[in-house]
Amino acid sequence: MSAMLLDGKAAARAVRAEVRERVAALERRGVEVGLGIVLAGDYPPSQVYVASKERAGARAGIRV
């Protein structure tokens, strides 16, 4: 059995591209795609996590 090299960054790019396409298709049908986030407290690592989700959503065309 031979080893297989996996490229995680390439896989992630492909998934993000597919999500962008699906979001665009839904918006063409009049569906607004959104993600709501509730941040309880002011724990800095949680704030960083939420900010990363906001950036990822924006890149995918999702309203956060």
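**Nonpolar patch.** I began with the nonpolar surface of this predicted model. Leu35, Ile37 and Val64 make a nonpolar surface patch of about 220 Å². I then looked up where Val64 lies, and found Val64 in the segment after α2. I asked whether Val64 is buried or exposed. Neither word applies: Val64 counts as partly exposed, because its relative accessibility is 39%, and the partly exposed class runs between the 20% and 50% limits.

**Salt bridges.** How many salt bridges does a search of the whole structure find? I recorded two.

I took the pair of Arg63 and Glu32 next. Their side chains meet in a salt bridge, with an N to O distance of 2.4 Å. This pair links distant parts of the chain, 31 residues apart: Arg63 belongs to the segment after α2, and Glu32 to the loop between α1 and α2. I noted that Val64 of the nonpolar patch is likewise placed in the segment after α2. On accessibility, Arg63 counts as exposed at 55%, and Glu32 is exposed with a relative accessible area of 54%. Both values are over 50%, the limit for the exposed class.

The other pair I looked up is Glu18 and Arg22, whose side chains meet in a salt bridge at 2.9 Å, N to O. Why are these two separated by about one helical turn? I attribute this to their spacing, because Glu18 and Arg22 are four residues apart in helix α1. I also entered their accessibilities: Glu18 is partly exposed, with a relative accessible area of 38%, whereas Arg22 counts as exposed at 57%.

**Positive patch.** I turned last to the charged surface. Which residues gather there in a patch of positive charge? I listed Lys9, Arg13, Arg16, Arg20, Lys53, Arg55 and Arg59. I then assigned the patch to its helices: α1, spanning 8-28, and α2, spanning 44-60, each supply at least two of its residues. The largest share, four residues, comes from α1.

I checked one member, Lys9, in detail. Lys9 has its place in helix α1. Lys9 is classed as exposed because its relative accessible area is 66%, and the exposed class begins over 50%. I noted that Arg22, although also in helix α1, is held in the salt bridge with Glu18. Arg22 therefore falls outside the patch, since patches are made of residues with no salt bridge.

Technical notes:
Residues are numbered from 1 along each chain as its sequence is written. This is a predicted model: local features need pLDDT of at least 70, side-chain atom pairs count only at pLDDT 80 or more; totals for chains, interfaces and linings use all residues. Side-chain values use heavy atoms; hydrogens and water are left out. Patches are made of residues with over 30% relative accessible area and no salt bridge: like charges are joined within 9 Å, nonpolar side chains (Val, Leu, Ile, Met, Phe, Trp, Tyr) within 5 Å. Accessible areas come from the Shrake-Rupley method with a 1.4 Å probe; for residues, only the protein chains shown count as cover. A salt bridge is a side-chain nitrogen of Lys or Arg within 4 Å of a carboxyl oxygen of Asp or Glu. Lys and Arg count as positive and Asp and Glu as negative; His and the chain ends are not counted. The place of a charge is taken as NZ of Lys, CZ of Arg, CG of Asp or CD of Glu. Buried means under 20% relative accessible area, exposed over 50%, partly exposed in between (1.4 Å probe, protein chains only).
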